[in-house]
Amino acid sequence: LDQSMTFLVMVDVGAALFSIAPRISQEGILSFKTSPNGFGFATLSVTLQDSGGRLEGGNDMSGASQPIFITVIPINDRPLFMVEPGVARLVLPYTALAIAGFATQIQSGPSNEMCRTASAHCQSQKI
């Protein structure tokens, strides 16, 4: 008897981590897509089902489901800032200049990165 196999994947914990839910192909390839800025833990339950049915006392399921544990680690997002328009100044050679409020809305990243510090680097350009 020629039977097809299908993996049944259930997300038990952590469904919000995925923008495309986990699945397993007939070749056994696990695939999924994580949500933007998603991180944390997920627990999946996987069983295998064949197309043979249950006629004549048969069983079409693989028995107890197998657990899969996925950990999605947070990435380091880029820091953000805004430069207020109209703050360009003509600076004479060898002159020090400090512009209050030049860079505003400085953020090191999303809430899971607030413990990180951001630093700025400036580069001058001759005109």
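Colleague: Before we look at anything, what is a nonpolar core?

Modeller: A nonpolar core is a set of buried Ala, Val, Leu, Ile, Met, Phe, Trp, Tyr and Cys residues joined through side-chain atoms within 4.5 Å. In this predicted model, the largest such core has six residues, namely Leu17, Phe18, Ala42, Leu44, Ile70 and Val72.

Colleague: Which elements give two or more residues to this core?

Modeller: Those elements are S4 and S5. As a general background, nonpolar side chains in soluble globular proteins tend to be buried together.

Colleague: And what is Ala42 in contact with, leaving aside its neighbours within four places in sequence?

Modeller: Ala42 is in contact with Val13, Gly14, Leu17, Phe18, Ile68, Phe69 and Ile70, and of these Leu17, Phe18 and Ile70 are also named in the core.

Colleague: OK, on to the sheet. What is the order of its three strands?

Modeller: The order is S1-S4-S5, in an open sheet with antiparallel pairing. Strand S1 (5-13) and strand S5 (66-72) stand at the edges with a single partner strand each, so one side of each is left without a neighbour in the sheet. From one strand to the next, the twist averages 30 degrees.

Colleague: How many bridges join S4 to S5?

Modeller: Seven bridges join strand S4, which covers residues 40-50, to S5, and the two run antiparallel. Thr43, for instance, has Phe69 in S5 as its bridge partner.

Colleague: Changing topic, how many aromatic pairs are there?

Modeller: The count comes to one aromatic pair. The ring centres of Phe18 and Phe32 are 5.2 Å apart and their planes stand at 75 degrees, which is over 60, so the pair is edge-to-face. The pair links distant parts of the chain, since Phe18 lies in strand S2 and Phe32 in strand S3 (residues 30-34), 14 residues apart.

Colleague: Are those two rings' residues buried or exposed?

Modeller: Phe18 is buried, because its relative accessible area of 9% is under 20%, whereas Phe32 is partly exposed, with a relative accessible area of 34%.

Colleague: What about Asn37, where is that found?

Modeller: Asn37 is found in the loop between S3 and S4, and its phi is near 60 degrees, a positive value in a residue other than glycine.

Colleague: Last thing, where is confidence lowest and where is it highest?

Modeller: Confidence is lowest in strand S7 (residues 103-107), at a mean of 78, and highest in strand S2 (residues 18-24), at 97. The mean pLDDT of the chain is 81, with 76% of its residues at 70 or more. Where pLDDT is low, the predicted coordinates should not be read in detail.

Notes: Residues are numbered from 1 along each chain as its sequence is written. This is a predicted model: local features need pLDDT of at least 70, side-chain atom pairs count only at pLDDT 80 or more; totals for chains, interfaces and linings use all residues. Side-chain values use heavy atoms; hydrogens and water are left out. pLDDT is the predictor's confidence in each residue, from 0 to 100. Helices (H or I, at least four residues) and strands (E, at least two) are DSSP runs, numbered from the N terminus. Two strands pair if DSSP finds at least two bridges between them. Axes are lines fitted to C-alpha atoms, for helices over the stretch in contact, and angles run from 0 to 180 degrees between N-to-C directions. Rings of Phe, Tyr and Trp (its six-membered ring) pair if their centres lie within 6.5 Å; planes under 30 degrees apart count as stacked, over 60 as edge-to-face and the rest as tilted. Buried means under 20% relative accessible area, exposed over 50%, partly exposed in between (1.4 Å probe, protein chains only). Contact means heavy atoms within 4.5 Å.
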